[in-house]
Amino acid sequence: MTDIKDNYRLYMEHAHEMLEVARENLGNDRYSSACNRAYYGCFYAASALLFSKGLSFGKHSAVIAAFRQHFIKTGEFDARWSKTYELIMTSRQIGDYELNLSIEKEQAEQMVLDAGNFIQEVEAWLIKHHLL
């Protein structure tokens with residue numbers, strides 16, 4: 001039988017892997033790809049949080065909406081994390097879908113840094129609540 005904590009561990013392993021790849025992409029001057037992977041790191045981390053509430057979503061808009069509803073509005077997470085998540089998500093969308101726009105190095109560096117901080121904050125919350 002699988003321990004429920006395995007689910008949290010898997011979400012966070014994916015989050016950390018995405019962050020690692022984001023950093024590699026950044027080092028290789030692949031700024032759009034770095035933002036994409038940074039975003040997915042946040043997506044997996046947020047999904048771990050939502051799992052703690054018995055929730056799971058496949059749509060990106062549903063994940064951020066539920067994160068705001070269950071963690072920002074309740075005060076469990078500071079509102080700045082909502083803005084951080086949104087900025088990283090927007091950077092990913094620009095990099096993936098806006099062919100006439102480009103992600104600059106400084107923006108990508110900030111998104112990867114912010115994603116790392118977001119993932120770290122989520123991990124600390126999971127540990128505090130004995131889920132990791």
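**Exercise 1.** In which crossing, left-handed or right-handed, does α1 pass α5? Characterise the packing of the two helices in this predicted model.

*Solution.* Step 1: the crossing of α1 past α5 is left-handed. Step 2: helix α1 (residues 5-27) and helix α5 (residues 105-128) pack at an angle of about 160 degrees, and their axes lie 10 Å apart. Step 3: angles over 145 degrees count as roughly antiparallel, and α1 and α5 are therefore roughly antiparallel to each other. Step 4: the contact draws on residues of both helices, including Tyr8, Met12, Leu19 and Leu26 of α1 and Val112, Gly116, Ile119 and Leu126 of α5. By class, the residues of this contact comprise 12 nonpolar, 2 polar and 4 charged.

**Exercise 2.** Determine whether the end-to-end distance of helix α3 agrees with its expected span, and identify its buried residues and what covers them.

*Solution.* Step 1: helix α3 (residues 60-72) has 13 residues, which at 1.5 Å a residue should span 18 Å. Step 2: the end C-alpha atoms of α3 are 17 Å apart, which agrees with that expectation. Step 3: buried in α3 are Val63, Ile64, Ala66, Phe67, Phe71 and Ile72. Step 4: the cover over these buried residues includes α2 (31-51), α4 (80-97) and α5.

**Exercise 3.** Locate serine 47, classify it as buried or exposed, and name its contacts beyond four places in sequence.

*Solution.* Step 1: serine 47 belongs to helix α2. Step 2: the cut-off for a buried residue is under 20% relative accessible area; serine 47, at 7% relative accessibility, therefore counts as buried. Step 3: with neighbours within four places in sequence left aside, serine 47 contacts Tyr11 and Val63. Val63 is also among the buried residues of α3.

Notes:
Residues are numbered from 1 along each chain as its sequence is written. This is a predicted model: local features need pLDDT of at least 70, side-chain atom pairs count only at pLDDT 80 or more; totals for chains, interfaces and linings use all residues. Side-chain values use heavy atoms; hydrogens and water are left out. Axes are lines fitted to C-alpha atoms, for helices over the stretch in contact, and angles run from 0 to 180 degrees between N-to-C directions. Helices (H or I, at least four residues) and strands (E, at least two) are DSSP runs, numbered from the N terminus. Angles under 35 degrees count as roughly parallel, over 145 as roughly antiparallel, 65 to 115 as roughly perpendicular and the rest as oblique. A crossing is left-handed if the near helix is turned anticlockwise from the far one by less than a right angle, and right-handed if clockwise. Contact means heavy atoms within 4.5 Å. Ala, Val, Leu, Ile, Met, Phe, Trp, Tyr, Cys and Pro count as nonpolar, Asp, Glu, Lys and Arg as charged, and the others, Gly among them, as polar. The expected span of a helix is 1.5 Å times one less than its number of residues. Buried means under 20% relative accessible area, exposed over 50%, partly exposed in between (1.4 Å probe, protein chains only).
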